[in-house]
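Student: I am new to this structure and would appreciate a close look at a single part of it. Please begin from the view below.

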Amino acid sequence: MQKEKNKDLVHISGDWIDEFPNPLVIAGPCSAESETQMMETARRIAESSVEVSIFRAGIWKPRTKPNGFEGVGVIGLNWLKKVKEEFGIKTATEVANANHVFAALEADVDVLWIGARSTVNPFTVQEIAQALRGTDKPILVKNPVNPDLALWIGALERLLGQGIENLGVIHRGFSSYQKTKYRNTPNWQIALDFRNMFPNIPIIVDPSHICGNRMGLSEIAQEALNVGYQGAMIETHCSPEEAWSDAAQQVTPEELADIISNLKVRNTEISGYEEDMEKYRTSISDIDFQLIQLLSERMEISEKIGGIKKTNNIAIFQPDRWKVITDYARAKALETGMSESFIEKVFKAIHEESIEVQNGIMIDK
């Protein structure tokens with residue numbers, strides 16, 4: 001079936017997620033390693049006190065470098081089938097090409113997802129979309145490795161173009177050359193921008209790949225629920241320390257149960273709180289306006305400084321001045337009790353814009 005003329009991402013319903021509890025929990029090992037490992041992990045999940053709606057396992061594993069473990073392949077699909085038959089739980093796996101799709105569909109895997117490395121390549125996504133043509137299974141798309149919202153949206157549009165409407169997305173963070181406490185920086189605003197554009201498309205978080213370790217999983221999962229996400233995909237393994245891939249970020253089924261039981265779903269409606277909310281939002285709007293006005297005045301001063309630099313043939317970027325700015329920002333962050341990293345980001349953005357303004361003065365004949 002072809003996409004209807006007026007059908008677009010804004011108007012698809014996303015109601016496939018309603019058949020699952022809120023939050024939707026997808027859990028299982030990073031990689032399928034053996035039938036014993038899969039069944040033991042699934043058994044302990046089933047015996048826990050919380051509900052996991054979908055059992056996940058990587059059958060094919062894209063690796064950065066060759067000669068690493070790239071998954072057990074098709075044989076692992078039989079283990080997924082056995083998990084579903086024995087424990088009555090739906091299954092999910094990643095697909096990265098048409099052959100993966102055909103094999104997964106033949107094995108009746110219930111939910112498929114496109115990984116971050118595949119989302120960055122429109123040719124790969126198109127191949128997968130065509131192989132999935134017309135399916136009514138939920139198809140999830142992880143954000144691309146790099147922070148590119150258009151690529152993420154484009155992948156969904158390619159799927160919709162093949163008549164696939166049961167769509168959802170997975171926020172797994174973005175790669176960064178900067179070293180941070182995360183394996184993949186959350187960049188929450190990108191995901192929130194997506195959510196604002198397409199509020200009907202379910203979005204779940206992948207704290208395992210954001211954190212890269214098992215310590216921050218509950219915090220990231222809760223942050224996602226706080227802003228209205230509908231679920232989480234968390235990696236769990238019967239013996240995490242012995243896992244063949246991503247051992248550091250996997251937890252035992254019992255630890256998973258503890259994480260899930262402490263999650264709190266937030267109401268997305270504000271009925272009954274409108275008056276208080278509106279009061280504070282009005283105050284924020286007033287402050288935002290003042291910030292914009294002050295930034296405008298600051299950029300006017302930058303223009304004057306740019307004129308002086310042009311007249312005297314002085315380079316725009318002055319490292320000593322930048323050090324003064326950053327030192328001042330850190331000091332003020334400490335004085336006000338605000339996050340030092342946040343203030344640094346703000347001042348860096350202001351400084352970059354100031355350089356752009358002065359560049360405009362320099363090249364203006």
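Which residue in β3 is the bridge partner of Phe55?

Tutor: The model is a predicted one, and the residue in question is Thr91, the bridge partner of Phe55 in β3. This pair belongs to a wider connection: strand β2, residues 54-56, runs parallel to strand β3, residues 90-94, and 3 bridges join them. Both strands are in turn part of a barrel, closed by 8 strands in the order β1-β2-β3-β4-β5-β6-β7-β8 with parallel pairing. Within this sheet, neighbouring strands are turned against each other by 25 degrees on average, direction ignored.

The confidence of the prediction should also be considered. For the protein chain the mean pLDDT is 92, and 96% of the residues reach 70 or more. Residues 1-6, however, have a pLDDT below 50, and this stretch has 9 contacts in the model beyond near neighbours in sequence. Where pLDDT is low, the predicted coordinates should not be read in detail.

A final point concerns the cysteines. A disulfide is a covalent bond between the sulfur atoms of two cysteines. A search of the whole structure finds 0 disulfides. For Cys211, the closest cysteine sulfur is that of Cys30, and because the distance is 14 Å, the two are too far apart for a bond. Cys238 is likewise in no disulfide, the nearest cysteine sulfur being that of Cys30, 13 Å away. As for their surroundings, Cys211 is buried, with a relative accessible area of 7%, and Cys238 also counts as buried, at 13% relative accessibility.

Methods
Residues are numbered from 1 along each chain as its sequence is written. This is a predicted model: local features need pLDDT of at least 70, side-chain atom pairs count only at pLDDT 80 or more; totals for chains, interfaces and linings use all residues. Side-chain values use heavy atoms; hydrogens and water are left out. Two strands pair if DSSP finds at least two bridges between them. Helices (H or I, at least four residues) and strands (E, at least two) are DSSP runs, numbered from the N terminus. Axes are lines fitted to C-alpha atoms, for helices over the stretch in contact, and angles run from 0 to 180 degrees between N-to-C directions. pLDDT is the predictor's confidence in each residue, from 0 to 100. Contact means heavy atoms within 4.5 Å. A disulfide is a pair of cysteine sulfur atoms within 2.5 Å. Buried means under 20% relative accessible area, exposed over 50%, partly exposed in between (1.4 Å probe, protein chains only).
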